[in-house]
Amino acid sequence: MHQPQKQTIATRHGSGPLSGLRVLELGHFIAAPFATRLLADLGAEVIKIEPPGGDPVRQWGRQIEGVGAPWWSMHGRNKRCITVDLKKQKAVELVLDLVKTCDAVVENFRPGQLAAFGLHRERLEQARPGLIVAHISGYGQTGVYKNRAAFGLIGEAIGGLRYLSNHPPSITKLPPVRVGVSIGDSIAGLYAAFGVMAALWARDRKGVSELRPGRTLDIALTESVLSMMDGMLPEYGAFGTVKQPVGSRIPTAAPSNAYPTSDGGWVLIGGNSEPIFERLARLMGQPELATDPRFVGNQSRVANVEELDRLISEWSMQHTAAELDRMLAGADVPATLIYTAAEIANDVQFLSRGMVQEVDDPQFGKVLHAGVVPHIPDNPGAVRWPGPSIGAHTDQILREDLKYDTDQIALLRKEGIVS
């Protein structure tokens, strides 16, 4: 089978809708770096301050000896990296010099840690009036839990996601499963990026001539996840019912499930409207199902979902996953295979829209990246360069951005403030 050509993205500068926005990242691991990567993808200039040795996430996942984890290639892309030891007292002045040139700061230390470094809100605002500061933390900057340690999995658990990520208790006694990616961190990062843009809009919107004050944003992992939980909380408030895990089904719509295939695969089918269910029934060779009183209307299908899923499974088991995918697409029934990385990397839709891009990375060679979201056709963002090596831009930032001379830079290195 002919494989479509992957789009190759060379190192280049692009504009993007956020060109001209300058952001300082004081982040590590996932949440804050994810927020700034979203901004950088759309053209913002992001300067990432890393500790000596680099962001710990450089070592996450499968690694190439002496280089680190390929995930960094995408996680750190479009950013300039400078290595600064924030535990050194003189490092604060360097950071404040950078703040003077920035529109926003994004950080995800524990609450109060930035101030402990000497970078409290008043001092940041003094350096850059109107500065936007986004704080991302486990539980938020206030409240009785604010000082408790937390990572994304904690946010997922307290926000309600981990409980729902499982089959019904009647089917399994295993613990609720993880989503498979650090979704709690990423959701918080997404809210942080959105919050930064909202705060910048409030500060800089057209028709406002006077200097507007900056904003402090407080983004909690736990709250970010909770906000994504659909009707879980309203239903509990109205009915006192606790939403339960449902496995692969959608409990309010049928048919909507994963169905087995003859070759041991699965195909997801969503046939939960009357016209779609009629088309599915005809494709199954059982058009009478569309007029069967048990399956007329979504409410009836949900009430009889066990029998309906049994009938669909008996039919799906007669075909391979690839056959079902073609048949269902031809019948205009929403359906799909369950993609792994291999299917994603070769999917013609992703490839045609630039969502799978082959990037030349000096550290890792050719690496596949996910493309830029959102897609803005008339002024798109771009993968301008992959995640850089540790301290790759330290000298450039000190010389070109801060105008430090050779002697100043040498002294900073000697004192271990930069590396």
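Which residue in S10 is the bridge partner of Leu-268? Let's work up to that together, and then try two more exercises.

The model is predicted, so local features need pLDDT of at least 70 and side-chain atom pairs count only at pLDDT 80 or more, while totals for chains, interfaces and linings use all residues. Residues are numbered from 1 along each chain as its sequence is written, and side-chain values use heavy atoms, with hydrogens and water left out.

**Exercise 1. Trace the sheet that holds Leu-268.**

Step 1. Helices (H or I, at least four residues) and strands (E, at least two) are DSSP runs, numbered from the N terminus. Two strands pair if DSSP finds at least two bridges between them.

Step 2. Start with S8 (residues 256-260) and S9 (residues 266-270), which run antiparallel and are joined by 5 bridges. Here Ser-256 stands opposite Gly-270. The two strands form a hairpin with 5 residues between them, and Gly-264 in the turn has a positive phi of about 85°.

Step 3. Go on to S10 (residues 335-337), which pairs with S9 over 3 bridges in the antiparallel sense. Thr-336 is the partner of Leu-268, and Val-267 stands opposite Leu-337.

Step 4. Put the strands together: the open sheet has 3 strands in the order S8-S9-S10. S8 and S10 are its edge strands, each pairing on one side only. On average, neighbouring strands are turned by 25° against each other, direction ignored; axes are lines fitted to C-alpha atoms, for helices over the stretch in contact, and angles run from 0 to 180 degrees between N-to-C directions.

Step 5. Add helix H14 (residues 321-330), which packs on the sheet and touches S9 and S10. The direction of H14 makes about 155° with that of S10.

**Exercise 2. Describe the surroundings of Gln-141.**

Step 1. Find Gln-141 in the loop between strand S6 (132-137) and helix H6 (152-158).

Step 2. List its contacts (heavy atoms within 4.5 Å). Leaving aside neighbours within four places in sequence, Gln-141 is in contact with Pro-111, Gly-112, His-135, Lys-146 and Asp-218.

**Exercise 3. Sort the lining of the largest pocket by residue class.**

Step 1. Use these classes: Ala, Val, Leu, Ile, Met, Phe, Trp, Tyr, Cys and Pro count as nonpolar, Asp, Glu, Lys and Arg as charged, and the others, Gly among them, as polar.

Step 2. Sort the residues of the lining, and you get 11 nonpolar, 8 polar and 5 charged. A pocket is an open set of points on a 1 Å grid over the protein atoms alone, where a 1.4 Å probe fits, with protein on both sides within 12 Å along at least five of seven lines; lining residues have an atom within 4 Å of a point.
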